[in-house]
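Student: I would like a close look at one part of this protein. Please take me through it step by step, and then set it in the wider picture.

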Amino acid sequence: MQFSLVMKPVSRLNCYSIALQITSFPISLFGIFRRRPRFYTVATTEWRTQPNASSTNHLDIVDEFTTYCYQRDLSKAMKALEVMQKHKLWADSITYTELVKCCIANAAIRQGKRVYQHVFANGYEPKTFLKNTLVNMYVKFNLLDEAHLLFDQMLERNVVTWTTMIAAYSNSEHKYKALEMLIMMLRDGVRPNMYTYSSVLRACEGLTNLKQLHCCIIKVGLELDVFVRSALIDIYSRWGEVKSALNIFDEMATSDLVVWNSVIGGFAQNSEGDEALNLYMRMKRSGFRADQSTLTSVLRGCTSLALLELGRQVHVHVIKFDRDLVLNNALLDMYCKCGSLEDASFVFTRMAVKDVISWSTMIIGLAQNGYSRKALDLFDKMKSSGAKPNHITILGVLFACSHAGLVKEGDYYFKSMKKLFGIDPGREHYGCMVDLLGRAGKVEEAIELINEMKCEPDAVTWRTLLGACRVHRKMDLAEYAAKRVLSLDAHDAGTYILLSNIYANTQRWEDVENLRKSMKNVGIQKEPGCSWIEINKHVHAFILGDKAHPEINAIHEELNRIMWRLKGEGYVPDTNFVLQDLEGEQMENSLAYHSEKLAIVFGMMSLPKGKTVRIRKNLRICGDCHVFAKLLAKMESRSIVIRDPIRYHHFEDGSCSCGDYW
């Protein structure tokens, strides 16, 4: 009886292991080393063949297959696998694992399924780690049913098996199954590890489940693990519990950039830009260097606060990661939402790779800043480039049509979006069409469209109609729309005030009184208007009636001088935007010190002559402040940009980019 030597690669290097197998013919050891002058180690491996498969040809087939697998040559490996299948030969589990990884990397679903069939053919029983790899393959191919079927067939399941399935369901639409599998895992006597908990946390659909899991994590002592801690911060932030996220972060000194990124990103995603930027400064002082994820979150913080100058400073650091698509998209979004379309166009043009998010961001940015025609031209270029629009892209196109008064084009895209792009109209698309029709004075058609909506219209839809009714003096319809808004959002102070003014303008004082009583009973308090402006890297905030700013007296004096000059140019305060039962002088005084007026005047006092004044506002700009900004921009030959929750207003030479409709 002789012994044969079976060689296979043990890594991507030119190293081979040699396994001894019983054979009926001699093999020359000298001949092997002469043909393959490489390093060798001796090890025992699994049987590669059936007991009766012992020819030299069989050994060469398996050896050839093994080589192709480690070389990641999928095509040749699959051909060799078919030859092995024909001769009823098998390689070891490690080799198959390499082939499965190759299938995953190449998204080769058909080949992956063929490997699965071969591995389980003729009663061959692979090792558990190979089965885990196959489960993971099905998960990566988004074939959860096949993955779960293989999982159910496994007699031995370890923590990797369970964690793979839990992570798969956590990232799917069936998140509840991840929680169910965690319970089954515990009942099966398998102890979850940090990867299990960091995966299952993503499946929490409410704070109750999240807090229960948090307790379990503390009980097993994994709350300080970097993966678990980062996941906890992420999930608490997702549910708006940023204070809880910050408490977890502050429980111990952080020595990992991943955790810093989680807490900074959490605040940025919840529009807590100031705290996100404060945490970023803490991170820098702690000696950490920002990576792509950090800078993306910092840019989101700058975006939420409209901090253009700070965003430009961050841009300097972004240049180091010039090819990062996500980071470039965040930079593009920041410039668009800060109203700097020149910078946005520069970034967009230089992007080597653009995805649907890049195109959509630029289209929406152009539309919201009043460049509707350019937005539609860019949409045509997007289609020519081969990029496929998504529902956000179409939303930007409809927004552009709305603000350019392109009723025919907007109607075409809305009615054909399903046929052209396979996108069903959503509530936001209907809202854009209501806005489009309302701007064009087709209020009755807008109501018909609302009644035809497949989904229930929300408060935003009715509020859009209300705005159109106010502009076109459709008072009866305005009252109807206002009541529908209040039925869906009983605490909308702006709608209460608008409805009260509608009643007052038509001398319906009894209705005014009843509405006031309703406001009092519900506890309605109008959110105070607040405006921000960035001056020399510092943010200054202004609120109506607030005298906390150190230069407020000088600002009031300058504002009074400007108001006097504007009245000489024909400016008349528009009192339709305050409660109508105030005395005339009271109404004018109420309008005079709106937060955006204070911010604009402070900007003109503080910035060099000719520099654009950029304001961020928490509420929609009122009509009187809109007229004030237009006239002031013309009188001072100054550009003024105001960003409110609805859109961006670029005031230049006595006109606004919104066309006086917002």
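In which sense do S6 and strand S7 pair, and over how many bridges?

Tutor: This is a predicted model. S6 and strand S7 (residues 640–643) run parallel where they pair, and 4 bridges join them. One facing pair shows the register: Val613 stands opposite Ile640 in S7.

Now widen the view to the sheet. It is open, has 6 strands, and mixes its pairing. Read across, the order is S5-S4-S6-S7-S8-S9. S5 and strand S9 (655–656) are the edge strands, and each of them pairs on one side only.

Move from S6 to its other neighbour. Strand S6 (residues 613–617) pairs with S4 in the antiparallel sense, over 2 bridges. Here Trp532 stands opposite Arg616 in S6.

S4 deserves a pause. The strand spans residues 530–535, and 5 of its 6 residues are buried. S4 is therefore largely enclosed by the rest of the structure. Next comes strand S5 (residues 538–543), which pairs with S4 over 6 bridges, again in the antiparallel sense. Cys530 has Ile543 in S5 as its bridge partner. The two strands make a hairpin, with 2 residues between them. Look at Asn536 in that turn: its phi is positive, about 50°.

One helix belongs in this view too. Helix H32 (residues 595–606) lies across S4, S5, S6 and S7. Its direction is at about 15° to S4.

Now the wider picture. The protein chain has 33 helices and 9 strands. Of its 662 residues, 50% count as buried. Take the contacts with a separation of 6 or more: residues 24 or more positions apart account for 62% of them. The accessible surface comes to about 33000 Å², and carbon and sulfur atoms hold 52% of that.

Aromatic rings offer another way to read the fold. A ring pair is described by the distance of the centres and the angle of the planes. A search of the whole structure finds 15 aromatic pairs. One of them joins Tyr195 and Phe227 in a tilted arrangement, 5.2 Å centre to centre with 50° between the planes. Tyr195 sits in helix H10 (residues 194–200) and Phe227 in helix H12 (residues 226–238), so this pair ties together parts 32 residues apart in sequence. Tyr195 counts as partly exposed, at 43% relative accessibility. Phe227 also counts as partly exposed, at 42%.

Phe379 and Phe421 form an edge-to-face pair, with 6.0 Å between centres and 70° between the planes. Phe379 belongs to helix H21 (residues 372–385) and Phe421 to helix H23 (residues 407–421), so the pair links parts that are 42 residues apart in sequence. Both Phe379 and Phe421 are buried. They share one aromatic cluster with Tyr412 and Tyr413.

Two rings also carry a charge over them. Arg157 lies over the face of Phe151, 4.4 Å from the ring centre. Over the ring of Phe348 sits the charged end of Lys354, at 5.0 Å from its centre.

To return to the starting point: S6 has S4 on one side and S7 on the other in the sheet order. The S4 pairing is antiparallel, whereas the S7 pairing is parallel.

Note on methods:
Residues numbered from 1 in each chain as written. Predicted model: local features only at pLDDT ≥ 70, side-chain atom pairs only at ≥ 80, totals over all residues. Heavy atoms only, no water. Phe/Tyr/Trp six-rings, centres within 6.5 Å; stacked < 30°, edge-to-face > 60°. Buried < 20%, exposed > 50% of the residue type's maximum accessible area, 1.4 Å probe, protein only. Lys NZ or Arg CZ within 6 Å of the ring centre and 35° of its normal. Pairing = 2+ DSSP bridges. Contact = heavy atoms within 4.5 Å. Areas by Shrake-Rupley, 256 points an atom, 1.4 Å probe, with all protein chains shown as cover. Axes fitted to C-alpha atoms, helices over the stretch in contact; angles between N-to-C directions.
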